[in-house]
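Hi everyone, thanks for coming. I have one structure to walk you through today, so let me put it up on the screen.

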Amino acid sequence: MRDLTETPPRLEVQNLVRRFDGQTVVDDVSLTIPAGQVTCLLGPSGCGKSTTLRMIAGVDMQDRGRILVDGRLICDTVFRIPPERRSIGLMFQDFALFPHLSVAENIAFGLTRGDAAQARRVDALLERVSLSGFGPKYPHELSGGEQQRVALARALAPNPRILLMDEPFSGLDERLRDGIRDDTLALLKEEGTAVLLVTHEPHEAMRMADEIALMRRGRVVQRGAPYNIYNAPVDREAAAFFSDIN
Ligand code: ADP
Ligand code: MG
């Protein structure tokens, strides 16, 4: 049992299971993320990463297991807090900006009050992602990298305690990616947000993660600091997965 004087982790996922058509797609996955830490859920395509994220976001429901935020239960198999009340921000590759809304309107979308305080918050967020003055522009006037920064600002607008990112950089030009990864990381560290970032690229996980959870066929097979996992992979399959990094 946990020491009661200890601060509970920002996000705690306990024994999540999800089955589709009799197939177990997420098989007893547990994760713990303290505030201000980035955990990368890393694994090949189809291993169950997005399904895990969808359950945490609350847009899908697990068959078994529980999810807690700051020690408070947000969902088990009978009780469920709706997605909009979980204090969880989302940044998904296919979760694009609204093309008919300006940059400022896109960012304000998740905020509730249409007043001066909201306008100031939008301006502050634009500054945080180095896009001051971009508020009146429309998504089609922006580069891919700039659109990604706006998506980040939108995800952070309601001050979420947790940010879930599903392959957020994979649509970007190779040249741009490392810079945006580093900027994003620096920003999230300052905000103190707990981040769960899904990726199938070992290089991305090595660059961004405080902790990697290596996933395969629905199971987390190894968890640890990036260099520990890289230097001491749990088995041959894990070693092979990392072998293309130099
Ligand atoms: P990843 O994000 O790691 O690529 P996913 O979580 O998207 O993997 O998918 C894991 C497995 O679950 C895949 O085999 C996928 O086809 C299956 N799956 C995901 N969502 C559904 C669904 N709604 N119905 C049936 N099968 C699904
Ligand atoms: Mg996926």
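Let's start with one residue, Ala-153, which sits in helix H4, spanning residues 144–156. Is Ala-153 buried or exposed? With 23 other C-beta atoms within 10 Å, Ala-153 is buried, because 20 or more is the cut-off for that. Setting aside neighbours within four places in sequence, Ala-153 is in contact with Ile-107, Leu-125, Leu-126, Arg-128 and Val-129. You can also look across to Ala-104: the two are 49 residues apart in sequence, yet their C-alpha atoms are 9.8 Å apart in space.

Before going on, please keep in mind that this is a predicted model. The protein averages a pLDDT of 90, and 95% of the residues score at least 70. The ipTM is 0.98 and the pTM 0.91.

Now to the sheet. Four strands form an open sheet with antiparallel pairing, in the order S2-S1-S4-S5. At its edges are S2 (23–33) and S5 (72–75), each pairing on one side only. On average, neighbouring strands here are turned by 30° against each other, ignoring direction. Between S1 (residues 11–20) and S4 (residues 64–69) there are five bridges, and Gln-14 has Arg-66 in S4 as its bridge partner. Helix H1 packs on this sheet, where H1 touches S1, S2 and S4, and its direction makes about 120° with that of S1.

H1 brings us to ligand 1. Which element gives the largest share of the shell around ligand 1? That is H1 (residues 49–57), with three residues. The surrounding residues include Phe-20, Val-25, Lys-49, Ser-50 and Thr-51. By class, the shell has three nonpolar, six polar and one charged residues.

How values were computed. Residues numbered from 1 in each chain as written. Chains lettered and ligands numbered in written order. Predicted model: local features only at pLDDT ≥ 70, side-chain atom pairs only at ≥ 80, totals over all residues. Near = placed C-beta within 6 Å. Helix = DSSP H or I, 4+ residues; strand = E, 2+ residues; numbered from the N terminus. Nonpolar A, V, L, I, M, F, W, Y, C, P; charged D, E, K, R; others polar. pLDDT = per-residue confidence, 0-100. Buried ≥ 20, exposed ≤ 12 C-beta atoms within 10 Å, placed from the backbone. Contact = placed C-beta atoms within 7 Å. Pairing = 2+ DSSP bridges. Axes fitted to C-alpha atoms, helices over the stretch in contact; angles between N-to-C directions.
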